[in-house]
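Here are a few short exercises to work through with the model open beside you. Try each task before reading its solution.

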Amino acid sequence: AETLFQEALRLDPGYPIAHQWYANALTAAGRFSEARTEMRTASELDPLSVVAYTAIGWIDLMAGDFEAARANLESALDRDPNFAIAHGWLGVALEELDRLEDAEVSHRRAVQLTGGDQRSRAGLARALARSGQTAEARALLDELEGEGAAGYAPWYEIAKIWNALGDTRTALDRLERAEAARARSMVFLGVDPQLNDLRPDPDFQALLERVGSAGR
């Protein structure tokens with residue numbers, strides 16, 4: 001993938017989306033400084049793209065720099081207050097900063113703006129679980145798992161809800177379901193800070209080996 005992104009950029013170094021997607025690949029590899037450089041280049045080439053500005057905050061999230069993530073995501077929302085992804089990722093940053101009430105507000109806004117899509121509901125459920133609001137968290141979790149039985153579910157995000165509820169074994173099972181479904185989020189398995197407490201588990205390490213993720 002890196003070779004192909006570099007070839008795309010050789011052919012057109014001014015193509016912002018190539019810089020943006022290359023930054024995603026570098027993030028999955030744990031090469032955060034290089035990823036930030038590529039994403040900033042994307043934002044400079046397309047200064048009207050709120051996606052690139054938001055993704056700088058997402059890279060900070062993956063790198064574990066939660067205060068920088070908060071600042072960059074709030075800056076992105078200054079550009080577009082209704083950008084749902086930025087609200088969702090800001091919710092994650094606020095969770096990691098132990099600002100759980102503020103995180104809930106951000107996640108609820110993401111749910112509202114997306115019309116209740118699966119990932120935004122999963123983010124809210126995880127935040128509720130972390131703040132001890134387990135009844136609502138489990139109600140959302142039941143909805144998502146029911147949707148999985150009927151069709152598609154975001155198993156990677158569902159795994160993080162189970163983990164927030166303190167059920168490590170079920171969280172690992174749901175990650176294995178995400179692996180079986182070839183969920184795109186699995187490329188970030190090795191760097192996602194919301195999975196840090198699972199890393200010592202031998203089953204998690206075996207999963208990392210199978211998917212070839214960074215962070216081993």
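A residue counts as exposed when its relative accessible area is over 50%, as buried when that area is under 20%, and as partly exposed in between. Keep in mind that this is a predicted model.

**Exercise 1.** Find Arg 182 and decide whether it is buried or exposed.

*Solution.* Start with the place: Arg 182 sits in the loop between α11 (168-180) and α12 (202-211). Next, take its relative accessibility, 76%. Arg 182 therefore counts as exposed. Finally, check the backbone: Arg 182 isn't a glycine, yet its phi is positive, about 55°.

**Exercise 2.** Do the same for Asp 98: is it buried or exposed?

*Solution.* Look in the loop between α6 (84-96) and α7 (100-114), where you'll find Asp 98. With a relative accessible area of 62%, Asp 98 is exposed. Its phi is positive too, near 60°.

**Exercise 3.** Work out which residues join Tyr 15 in a nonpolar surface patch.

*Solution.* First, locate Tyr 15 in the loop between α1 (2-11) and α2 (16-28). Tyr 15 has 38% relative accessibility, so it counts as partly exposed. Its partners are Ile 17 and Trp 21, and the patch comes to about 300 Å².

**Exercise 4.** Walk along α2 and say what covers its buried residues.

*Solution.* Begin with the span: the 13 residues of α2 reach 19 Å from first C-alpha to last, close to the expected 18 Å. Then pick out buried residues, among them Pro 16, His 19, Ala 23 and Leu 26. Their cover includes α1, α3 (32-45) and α4 (50-63). After α2 comes Gly 30, with a positive phi near 80°.

Key. Residues are numbered from 1 along each chain as its sequence is written. This is a predicted model: local features need pLDDT of at least 70, side-chain atom pairs count only at pLDDT 80 or more; totals for chains, interfaces and linings use all residues. Side-chain values use heavy atoms; hydrogens and water are left out. Patches are made of residues with over 30% relative accessible area and no salt bridge: like charges are joined within 9 Å, nonpolar side chains (Val, Leu, Ile, Met, Phe, Trp, Tyr) within 5 Å. Accessible areas come from the Shrake-Rupley method with a 1.4 Å probe; for residues, only the protein chains shown count as cover. A salt bridge is a side-chain nitrogen of Lys or Arg within 4 Å of a carboxyl oxygen of Asp or Glu. Helices (H or I, at least four residues) and strands (E, at least two) are DSSP runs, numbered from the N terminus. Buried means under 20% relative accessible area, exposed over 50%, partly exposed in between (1.4 Å probe, protein chains only). The expected span of a helix is 1.5 Å times one less than its number of residues. Contact means heavy atoms within 4.5 Å.
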